[in-house]
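Student: Please choose one part of this model and take me through it closely. I am new to this structure, so a slow walk would suit me well.

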Amino acid sequence: MPNDLPFDLRPSRRTVTMGLAAGVAAALLPWRAQALDTGTARALVVEAVAQVNRTINSGKSEGQMYADFERLFSRYADVPAIARTALGVAARSASRQEISAFTQAYQGYIARKYGKRFREFIGSEIKVIDARPMKSAVEVISTAYLRNENPFEVRWHVSDRSGRPAFFNIIIEGVNMLASERAEVGALLDRNRGSIPALTEQLRRAS
Amino acid sequence: MEHRTAILRGCRIAAHGALFALLGAFVSACAGSANPTQTINDPDEADNRQIHEFNKSVDTAVLRPASRAYAVLPDPVERGINNFADNLDLPGETLNSLLQGRPGAAVGNAARFVVNTTIGIGGLFDPAHAMGIEGRNTDFGETLYIWGANEGVYGEVPFLGPRTERDLVGDVVDVALNPLRLIVPSGVRTAGRAAEVGSILGDRARYSETIDSVLYESADSYSQTRLLYLQNRRFELGQTGGADDAYIDPYAIDPYEDFDAQ
């Protein structure tokens, strides 16, 4: 896909026009497929996996590891997009503050929920084998090698629509993380009688 | 108890469903109809939820504690039991591979059976793997899929857990048509059933963190189980509507628009 930013404007154009065009492009940016290339998406996944492995093998305490996982999750994943999607239709009627508090709590909750499974990944290896463009994202295909287990397929969906490359979904042998998360968050929201602040509080406390 | 009526009803639905699915299998095999891939077809959800609670209580009371006891066995012993159970599945898998029109897989499965039964001392060891002879795990549920049978409704079966109608029929046929009945003495079959139980316990122990997180730590274990089972089974069968099937676009106005198209 061609780059939509006006980088190729000839120098003869007036700076005013350039400024205007850049302003318009910036306004449109979040809504445009930025044609993230497969190489960048691959590199993101490779780096994220390496960082997670480093934490797992660091010998840190569990509490320190959870803090690391949360930091890595917010760096390599598009947490606001994941949180919004997990919340589903409820996100539409929520206030900006509610969403932002929810996103913050959700980030820690995810880091702990998946982080406490870290033992399964000790000595594991995830090899990136391919990447391909999708509708408006890149799919990075990898194989996970865990101890005492047959290798299995992990797919990562990566986009740069947040303004930087970040993954927003992981699919393990067909099991879609965003879909599971939406089911889970939906059920939790029901338990809290549809109240996002109450749900946020519950996620904050959940171990 | 409320559970019991739900379970009886569940069995009835299952039996009814099985018959229906089998008929459907042949009808749709002729029609060659395609299947929607991401939909959840669970019309008896209320009953299924009760069966789910029953299955969960079986896990809590029996399966989980038994699997913990079983996990005490040394790894090589467990592996031997798994190998033995897996080996006894191979004749049925050979037959299913043939029915699916996969001669290569059939040869692989048959060769594994011959090598592991002889050199592998009755299937306790898996020398075929070391020799590079690979088979293909399969079942009659997959055969029905290949023949064009519809997935049917989703449900939970008492003691067995989540199944689609098609896979439930597959299980019944796999037991009924197992070629093992003809080729091995009944003593071996009894040992085989014991090994089967052992390998189930072993799996329950090995995947305990995943299973516990779904059954005991999720807010709605029924819907998580259903989602996991359907997505993974469809993945195994290659039953996807296209490469972008799993794609959820969180940047779209309605992220689930394509995904959930029910």
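Tutor: Let's begin at a turn: Asn148(A) takes a positive phi near 55° in the hairpin of β2(A) and β3(A), where six residues lie between the strands. A strand here is a DSSP run of E with at least two residues, a helix is a run of H or I with at least four, and both are numbered from the N terminus. Before we go further, a word on the model and its labels. The model is predicted, so to speak: local features need pLDDT of at least 70, side-chain atom pairs count only at pLDDT 80 or more, and totals for chains, interfaces and linings use all residues. Residues are numbered from 1 along each chain as its sequence is written, while chains are lettered from A and ligands numbered from 1 in the order in which they are written.

Now follow the two strands away from that turn. β2(A) pairs with β3(A), residues 152-159, in the antiparallel sense over seven bridges; two strands pair if DSSP finds at least two bridges between them. One position to look for is Ile141(A), whose bridge partner in β3(A) is Arg155(A).

On its other pairing, β2(A), residues 138-145, is joined by eight bridges to β1(A), residues 125-133, and these two also run antiparallel. They make a hairpin as well, with four residues between the strands. Along β1(A), Val128(A) sits opposite Ser142(A) of β2(A), and Arg132(A) faces Glu139(A) of β2(A).

Step back and the whole sheet appears: five strands of chain A, in the order β1-β2-β3-β4-β5, form an open sheet with antiparallel pairing. β1 and β5 of chain A are at the edges with a single partner strand each, so one side of each has no neighbour in the sheet.

Next, see what meets these strands. Ala41(A) is a good guide: beyond its neighbours within four places in sequence, Ala41(A) is in contact (C-beta atoms, placed from the backbone, within 7 Å) with Leu36(A), Ala131(A), Val138(A), Val140(A), Val158(A) and Pro165(A). Ala41(A) and Val158(A) are also among the residues that touch the most other members of the largest nonpolar core, which has 53 residues. Such a core is a set of buried Ala, Val, Leu, Ile, Met, Phe, Trp, Tyr and Cys residues joined through C-beta atoms within 7 Å, and buried means that 20 or more other C-beta atoms lie within 10 Å of a residue's own, placed from the backbone. Helix α2(A), residues 38-56, gives this core its largest share, seven residues.

Finally, the sheet takes part in the meeting of the two chains. In that meeting, 27 residues of chain A are in contact with 21 residues of chain B. The elements of chain A that give two or more residues to this side are α4 (79-87), β3, β4 (166-172), β5 (175-176) and α6 (177-191). The largest share, eight residues, comes from α6(A).

Methods: A residue is buried if 20 or more other C-beta atoms lie within 10 Å of its own, exposed if 12 or fewer, and partly exposed in between; C-beta atoms are placed from the backbone.
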